[in-house]
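Visitor: I've got a structure open and would like to learn how to read it. Could you walk me through it, feature by feature?

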Amino acid sequence: DEELRVGAALAADSSLMAKRVRDDLAAAVTASLEANGVPPPGEPLLRAINPSSDALQACAPSATEHLIAVISSRCSEPLAAVRAITSQYRMTNKPAPTKPSFYVSSVTAPLRAAAAPSGCLSLVDAATRSHCLSSVSDRVCGRMAVLVEELFVSVRKLTQTLKKLNRAGGGGGGG
């Protein structure tokens, strides 16, 4: 979608423009000076160009971070369904599942779309693409781990409460 494409384009353009300013501009200025009989400035020219190049290069990580945040958020949205698992199996005597829950494939769909040949990550270099993929995976897996842990804690507490109620007289009131 447009937000991801713009973010990827900005990340790629920032890096490429910084490299071009650093390499091509210095070479062009040096060639122009030499063509006019002026000795090349060498190091002073690079010191003059580098701050501009560095400023451009500094934009790339924030654009990349934006991509990572957006893709991670979209991948994490379906994880809300993790909480529904307990209600699917609580007091139903259903057998254990034999295949992944319905939401699992939708968790990775935004990441697969971004990594596809026509996806937004096709616009960035291989190192940035790899960084985005691993960062999104880390964030989404981390979010899933937190949700699973919260669910286990909740199930443990509920089980302990039910056991206490059963020991205390069947858990019901004879009102």
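Visitor: Let's start small. In which helix is Ser 137 found?

Guide: Ser 137 is in helix α5. One thing to keep in mind as we go: this is a predicted model.

Visitor: And how do I judge whether Ser 137 is buried or exposed?

Guide: Look at relative accessible area: buried is under 20%, exposed is over 50%, and partly exposed is in between. Ser 137 has a value of 30%, so it counts as partly exposed. While you're there, check what sits across from it in space: the C-alpha atoms of Ser 137 and Ile 71 are 9.7 Å apart, although 66 residues separate the two in sequence.

Visitor: Which other residue pairs can I look at that way?

Guide: Try Ser 130, which also has its place in helix α5. Its relative accessibility is 45%, so Ser 130 is partly exposed. From Ser 130 to Ala 115 you count 15 residues in sequence, and 9.6 Å in space from C-alpha to C-alpha. Then there's Ala 80, in the loop between α2 and α3. With 52% relative accessibility, Ala 80 counts as exposed. Ala 80 and Tyr 103 are 23 residues apart along the chain, with 9.0 Å between their C-alpha atoms.

Visitor: Now salt bridges. What's the idea, and how many salt bridges does the count come to?

Guide: Side chains of opposite charge can pair when their charged atoms come close. The cut-off here is a side-chain nitrogen of Lys or Arg within 4 Å of a carboxyl oxygen of Asp or Glu. By that rule there are 4 salt bridges.

Visitor: Which residue forms a salt bridge with Asp 1?

Guide: That's Arg 74, with the closest N and O atoms 2.5 Å apart. The pair links distant parts of the chain, since Arg 74 sits in helix α2 and Asp 1 in the segment before α1, 73 residues apart. On accessibility, Arg 74 is partly exposed at 26%, while Asp 1 is exposed at 51%.

Visitor: Glu 3 is in that area too. What does the side chain of Glu 3 meet in a salt bridge?

Guide: Arg 74 again, at 3.5 Å from N to O. Glu 3 belongs to helix α1 and Arg 74 to helix α2, so this pair ties together parts that are 71 residues apart in sequence. Glu 3 is partly exposed, with 38% relative accessibility.

Visitor: What about Arg 139: which side chain does it meet in a salt bridge?

Guide: Glu 65, at 2.5 Å from N to O. Arg 139 is in helix α5 and Glu 65 in helix α2, so the bridge ties together parts 74 residues apart in sequence. Both ends are partly exposed: Arg 139 at 35% relative accessibility and Glu 65 at 36%. And to go back to the earlier bridges, shared partners join Asp 1, Glu 3 and Arg 74 into one network.

Visitor: Let's turn to helix geometry. How far apart are the end C-alpha atoms of α4, and what span should its 12 residues give?

Guide: The idea is to multiply 1.5 Å by one less than the number of residues. For helix α4, residues 104-115, that gives an expected 16 Å; the end C-alpha atoms are 18 Å apart, which agrees.

Visitor: Which residues of α4 are buried?

Guide: Val 107, Leu 111 and Ala 114. They cover an arc of only 55° around the axis, which puts them on the same side of α4.

Visitor: That brings us to the interior. How many residues does the largest nonpolar core have?

Guide: It has 25 residues, and those with the most contacts inside it are Leu 67, Ile 71, Leu 79, Cys 120, Leu 121 and Val 136. Two or more residues each come from α1, α2, α4 and α5. The largest share, 6 residues, is given by α2.

Visitor: Last stop, the outside. Which residues make a nonpolar surface patch?

Guide: Find Leu 158, Leu 162 and Leu 165, which form a patch of about 220 Å². Leu 162 is in helix α5. Its relative accessible area is 35%, so Leu 162 is partly exposed.

Conventions: Residues numbered from 1 in each chain as written. Predicted model: local features only at pLDDT ≥ 70, side-chain atom pairs only at ≥ 80, totals over all residues. Heavy atoms only, no water. Helix = DSSP H or I, 4+ residues; strand = E, 2+ residues; numbered from the N terminus. Buried < 20%, exposed > 50% of the residue type's maximum accessible area, 1.4 Å probe, protein only. Arc of directions from axis to C-beta. Patch = residues over 30% accessible without salt bridge, like charges linked within 9 Å, V, L, I, M, F, W, Y side chains within 5 Å. Areas by Shrake-Rupley, 256 points an atom, 1.4 Å probe, with all protein chains shown as cover. Core = buried A, V, L, I, M, F, W, Y, C linked by side-chain atoms within 4.5 Å.
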